[in-house]
Amino acid sequence: MVVCAAPPAAAVSDLVELLMAAGWTVQVVPTAAAAEWLDLPMLEALTGNPIVSRTRRPGESRRESRPDLVIVAPASFNTINKWVAGINDNVALSLLNTTFGLQVPTIISPYAKAVLAAHPAFHRNLALLAEWGALVTERDALRPERPAHPYQWNVIMDLIPAGLR
Ligand SMILES: Cc1cc2nc3c(=O)[nH]c(=O)nc-3n(C[C@H](O)[C@H](O)[C@H](O)COP(=O)(O)O)c2cc1C
């Protein structure tokens, strides 16, 4: 699960809990920016897996195994645009570029305010990711129905391919 630096990141443990209740083993991979926002020890305790937040050094063995499913939530404007451009400069992008090449099923939930989302590259890049096979929610689909209500993580749970449930 790749987590970017947008407000739903603060509540991403709720998605982890939903996934674990559905039988998934969860590995959280924050972007460098999101790593600053998250309670990493809490997420490590919850998932039972160490958080991977820096790229591998030469000679260091690969830490994460090939996932069955990749979830990018929340997916930021920045990460979406870098990913489609093939930029690979943090551990989250490195994972996304690799797993995309391996055709691992991928769910993306973009979260960006309207002024950012108005950038033509953002719309085009989300369309490209969908064209390349990713399952993409509506922008801001995670947004709570009303202020102070929980994020709508079920939009992601509902997109998990039937063969993986
Ligand atoms: C309080 C706050 C809220 C933000 N909300 C969003 C957001 O909803 N969507 C977004 O794409 N970026 C948002 N940003 C900007 C990202 O955090 C910033 O572009 C960051 O570089 C993204 O890094 P990442 O894509 O590596 O996670 C926000 C920044 C701050 C400080």
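Biologist: Why is Tyr 111 called buried in this predicted model?

Modeller: Tyr 111 has a relative accessible area of 8%, and buried means under 20%, so the label fits Tyr 111.

Biologist: And what makes Tyr 151 partly exposed?

Modeller: The relative accessibility of Tyr 151 is 22%. Partly exposed covers what is in between 20% and 50%, so Tyr 151 belongs there.

Biologist: How do you know which kind of aromatic pair Tyr 111 and Tyr 151 form?

Modeller: Happy to go through it! Their centres are 6.4 Å apart, and rings pair if the centres lie within 6.5 Å. The planes stand at 75°, and over 60 degrees counts as edge-to-face, so that is the name for this pair.

Biologist: Where in the chain do these two tyrosines sit?

Modeller: Tyr 111 is in the loop between strand 4 (106-110) and helix 6 (114-117), while Tyr 151 is in the loop between strand 5 (135-136) and helix 8 (154-157). They are 40 residues apart, and the pair links distant parts of the chain.

Biologist: Why is the pair of Tyr 151 and Trp 153 called tilted?

Modeller: With centres 6.0 Å apart, the rings of Tyr 151 and Trp 153 pass the 6.5 Å limit for a pair. Their planes are at 55°, which is neither under 30 nor over 60 degrees, so the pair is tilted.

Biologist: Is Trp 153 buried or exposed?

Modeller: Buried: Trp 153 has 3% relative accessibility, and the cut-off is under 20%.

Biologist: Which residues do ring pairs link into a cluster?

Modeller: Those are Trp 83, Phe 100 and Trp 132.

Conventions
Residues numbered from 1 in each chain as written. Predicted model: local features only at pLDDT ≥ 70, side-chain atom pairs only at ≥ 80, totals over all residues. Heavy atoms only, no water. Helix = DSSP H or I, 4+ residues; strand = E, 2+ residues; numbered from the N terminus. Buried < 20%, exposed > 50% of the residue type's maximum accessible area, 1.4 Å probe, protein only.
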